[in-house]
Amino acid sequence: MQRITLPRPDDWHLHLRDGAMLRAVLPETARHFARAIVMPNLVPPVVTLDDALAYRDRILAALPEGMSFQPLMTLYLTEGTDPADVERAAASGLVKAVKLYPAGATTNSQSGVRDLTRVMPVLETMARIGLPLCTHGEVTDPQVDIFDREAVFIDTVLAPLRRRLPELRVVMEHITTEEGVAYAAGGGENLAATITTHHLIINRNHILAGGIRPHYYCLPVAKREKHRLALRRAATSGNPRYFLGTDSAPHVDALKEHACGCAGCFTATNTLSLLAHVFEEEGALDRLEGFTSRHGPAFYRLPVNAGTIALEKRAEPCTWPEKIHAEPGPVTVFNPGFPVHWHVLP
Ligand SMILES: NC(=O)N[C@@H](CC(=O)O)C(=O)O
Ligand SMILES: [Zn+2]
Ligand SMILES: [Zn+2]
């Protein structure tokens, strides 16, 4: 029997939603993760420090008795964001990043940024105080093929921005391409990238070949196999530029299994077991703790968590509920499509 022990992990990109959905999904994350960077794409979005503090209170109120979890808050960058509010938010110690959604790029991104020049005063403030910018790195130009939108974002938005403001600290969220892997590798210490669990497991065939599988549809959409392999090499490389951001994104089944289905994979429940499986396949189990527990805190300038979590490889496969039952409706748990034997110990 094989066993591994990790410093308690963190999730550097998570969607918790609000209200009844928040209550249903929060325990799935808090069971295994000590902290998470909580995405601000609520309706209406979490824009100001006051919004973030109120949302943080709702998250803590939704946490079941006996569980501990620290939400690391983010602000949703809009063209009306006030640099002084961002500076106060950073000084509060409770807001750890600002999130850039190009308007129209993904779920609830309508209030995002259309013209980067309008947010330059905010970005200059963030560069000065060292507050990271988390990016949903896809262009929204309908002329650009959806499979190219990340690479085009890097060339036409991110690289020019970083040349203009090299001190700005940037996290490329949920990278999905070899171009993303390469750009993050060469970006120096002000740049990092999160990688999701599902993008290490599925490529675009999983979504489209032999029938359309809406529960594998997320944004950025999974790409061809060579990109998945590049992500696996990056995640298991030991390079501190890369760390885990699950992008676990619950949507009720009725909205996933729909003529115009929502983007998002819900992986909070089984992420750690899946990651152990992937890292073992890559012969890199010893590097799992860097990815889940050390590289993220190093970038965000936070301590590594004091507690630990153990996983054990057993002959019998893990079992998970097929769905989480939230009051607004069931949420399908990500199905990797193969048996997984790494059990998280209670
Ligand atoms: N990743 C997704 O496919 N969906 C996310 C938004 C996002 O992270 O882009 C969501 O909020 O549902
Ligand atoms: Zn995103
Ligand atoms: Zn996300």
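Which residue follows helix 3, and what is the sign of its phi? Select G93, the residue that comes after helix 3 and has a positive phi, near 80°.

Before going further, note that this is a predicted model, in which local features need pLDDT of at least 70 and side-chain atom pairs count only at pLDDT 80 or more, while totals for chains, interfaces and linings use all residues. Residues are numbered from 1 along each chain as its sequence is written, and chains are lettered from A and ligands numbered from 1 in the order in which they are written. Helices (H or I, at least four residues) and strands (E, at least two) are DSSP runs, numbered from the N terminus.

**Helix 3**

Now select residues 83–92, which make up helix 3, and colour V86, A89 and A90, which are buried (20 or more other C-beta atoms within 10 Å of the residue's own, against 12 or fewer for exposed and partly exposed in between, with C-beta atoms placed from the backbone). These residues lie on the same side of helix 3 because they cover an arc of only 95° around the axis, the arc being that of the directions from the helix axis to the C-beta atoms. An α-helix has 3.6 residues a turn, so residues three or four places apart point the same way. Turn to the face directed away from the buried side, and you find the exposed residues A84 and A91. To see what the buried residues of helix 3 pack against, add helix 2 (49–62), strand 4 (70–76), strand 5 (95–100) and helix 4 (120–129).

**K99**

Stay with strand 5 and pick K99, which lies in that strand and which the unreviewed UniProt entry annotates as "modified residue: N6-carboxylysine"; such annotations may be inferred rather than shown by experiment. K99 is buried, with 25 other C-beta atoms within 10 Å. Its contacts (C-beta atoms, placed from the backbone, within 7 Å), leaving aside neighbours within four places in sequence, are M39, P40, T74, L75, Y76, L77 and C134.

**Ligand 1**

Next, centre on ligand 1 and select H15, N41, T106, T107, H136, C218, L219, D247, A249, A263 and G264, the residues around it (C-beta atom, placed from the backbone, within 6 Å). This shell divides into four nonpolar, six polar and one charged, where Ala, Val, Leu, Ile, Met, Phe, Trp, Tyr, Cys and Pro count as nonpolar, Asp, Glu, Lys and Arg as charged, and the others, Gly among them, as polar.

Two members of the shell also repay a look at the backbone. D247, placed in the loop between strand 9 (242–244) and helix 9 (253–256), has a positive phi near 55° although it is a residue other than glycine, and D247 is buried, with 28 other C-beta atoms within 10 Å. L219 is joined to P220 by a cis peptide bond, with omega near -10°, and P220 lies in the loop between helix 7 (204–208) and helix 8 (225–235).

**Other backbone stops**

Move to V43 and P44, which are joined by a cis peptide bond with omega about -5°; P44 is in the loop between strand 3 (35–38) and helix 2. Then select H174, in the loop between strand 7 (170–172) and helix 6 (178–185), where phi is positive, near 35°, and where 28 C-beta neighbours inside 10 Å make H174 count as buried.

**The hairpin**

Finish at strand 11 (residues 323–326) and strand 12 (residues 329–332), which pair in the antiparallel sense over four bridges (DSSP must find at least two for strands to pair). The two strands form a hairpin with two residues between them, and K323 stands opposite T332 in strand 12.

Note on methods: Two residues are in contact if their C-beta atoms, placed from the backbone, lie within 7 Å.
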